[in-house]
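Trainee: I'm new to this one. Please pick a single part and walk me through it closely, then show me how it fits with its surroundings.

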Amino acid sequence: MNKRNTTRVRIALSVLLLAAVVVPAVAQAQQTVEITVTSRGFDFTPEEIRVNLGDRVVLTYENGGGFHDWVLDEFDAATRQISGGQSQTIEFVADQAGEFEFYCSVGNHRARGMVGTFIVEP
Ligand SMILES: [Cu+2]
């Protein structure tokens with residue numbers, strides 16, 4: 001093996017080593033965030049949810065009364081429409097930053113103010 005080839009092998013090995021160190025660090029940065037949202041009337045508590053970009057969100061919606069769901073279109077995240085006393089847990093990844101509106105899709109509930117803000121910090 002001549003000197004140039006040896007240098008190429010060294011560079012390739014360095015890149016592989018770097019990837020082995022950096023990739024797990026990035027994967028580890030993903031946090032799991034558990035959130036519980038409740039409703040009593042035509043409102044959600046909390047009204048504002050804040051997570052970080054890349055978080056895995058495990059969200060439980062507990063319906064305190066009436067017939068509702070919890071929907072966040074931009075992340076294809078939605079519970080079923082459930083009755084009071086029922087709950088459902090869904091999971092999604094917060095893979096885009098910004099402010100988004102979550103809402104209840106039953107009847108005119110969204111127009112009646114059954115909404116909240118989902119914030120993903122970059
Ligand atoms: Cu509703």
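Mentor: Let's start with Cys-104 and His-109, both of which are buried (buried is under 20% relative accessible area, exposed is over 50%, and partly exposed is in between, using a 1.4 Å probe on protein chains only). Keep in mind that this is a predicted model, where local features need pLDDT of at least 70 and side-chain atom pairs count only at pLDDT 80 or more, while totals for chains, interfaces and linings use all residues. Numbering runs from 1 along each chain as its sequence is written, and side-chain values use heavy atoms, with hydrogens and water left out.

Cys-104 (SG) and His-109 (ND1) are protein donors of the copper ion, along with His-68 (ND1) and Met-114 (SD), and these donors lie 1.9 to 2.8 Å from the metal. Donors here are N, O and S atoms within 2.8 Å of the metal (3.2 Å for Na, K and Ca); water is not among the atoms, so sites may look incomplete. Along the chain, the donors of the copper ion are spaced as H-x35-C-x4-H-x4-M.

Now look at Ser-39, which has two of those donors, His-68 and Met-114, among its contacts (a contact means heavy atoms within 4.5 Å). Leaving aside neighbours within four places in sequence, Ser-39 also touches Phe-44, Tyr-61, Glu-62, Asn-63, Gly-64 and Gly-65. Ser-39 sits in strand E1; strands (E, at least two residues) and helices (H or I, at least four) are DSSP runs numbered from the N terminus. Its relative accessibility is 1%, so Ser-39 counts as buried. The side chains of Ser-39 and Tyr-61 share a polar contact of 2.6 Å. That term covers a pair of N or O atoms within 3.5 Å; within protein, one must be able to donate a hydrogen and the other to accept it, and residues adjacent in sequence count only if both atoms are side-chain atoms. Ser-39 and Glu-62 are 23 residues apart along the chain, yet their C-alpha atoms are separated by 6.8 Å.

Tyr-61 takes us on to Trp-70, which touches it as well as Phe-44, Ile-49, Leu-59, Ile-90 and Phe-92, among others. Trp-70 is also one of the residues with the most contacts inside the largest nonpolar core, a group of 23 residues. A nonpolar core is a set of buried Ala, Val, Leu, Ile, Met, Phe, Trp, Tyr and Cys residues joined through side-chain atoms within 4.5 Å. Strands that each supply at least two residues of this core include E1 (32-39), E3 (56-63) and E8 (87-93), and E3 gives the most, with three.

How do E3 and E8 pair? They run in the antiparallel sense, over seven bridges (two strands pair if DSSP finds at least two bridges between them). Phe-92 in E8 is the bridge partner of Val-57. Along E8 the side chains alternate: Gln-88, Ile-90 and Phe-92 point to one face and are buried, whereas Ser-87, Thr-89, Glu-91 and Val-93 point to the other and are not.

Stepping back, the protein chain has one helix and ten strands, and buried residues make up 31% of its 122 residues.
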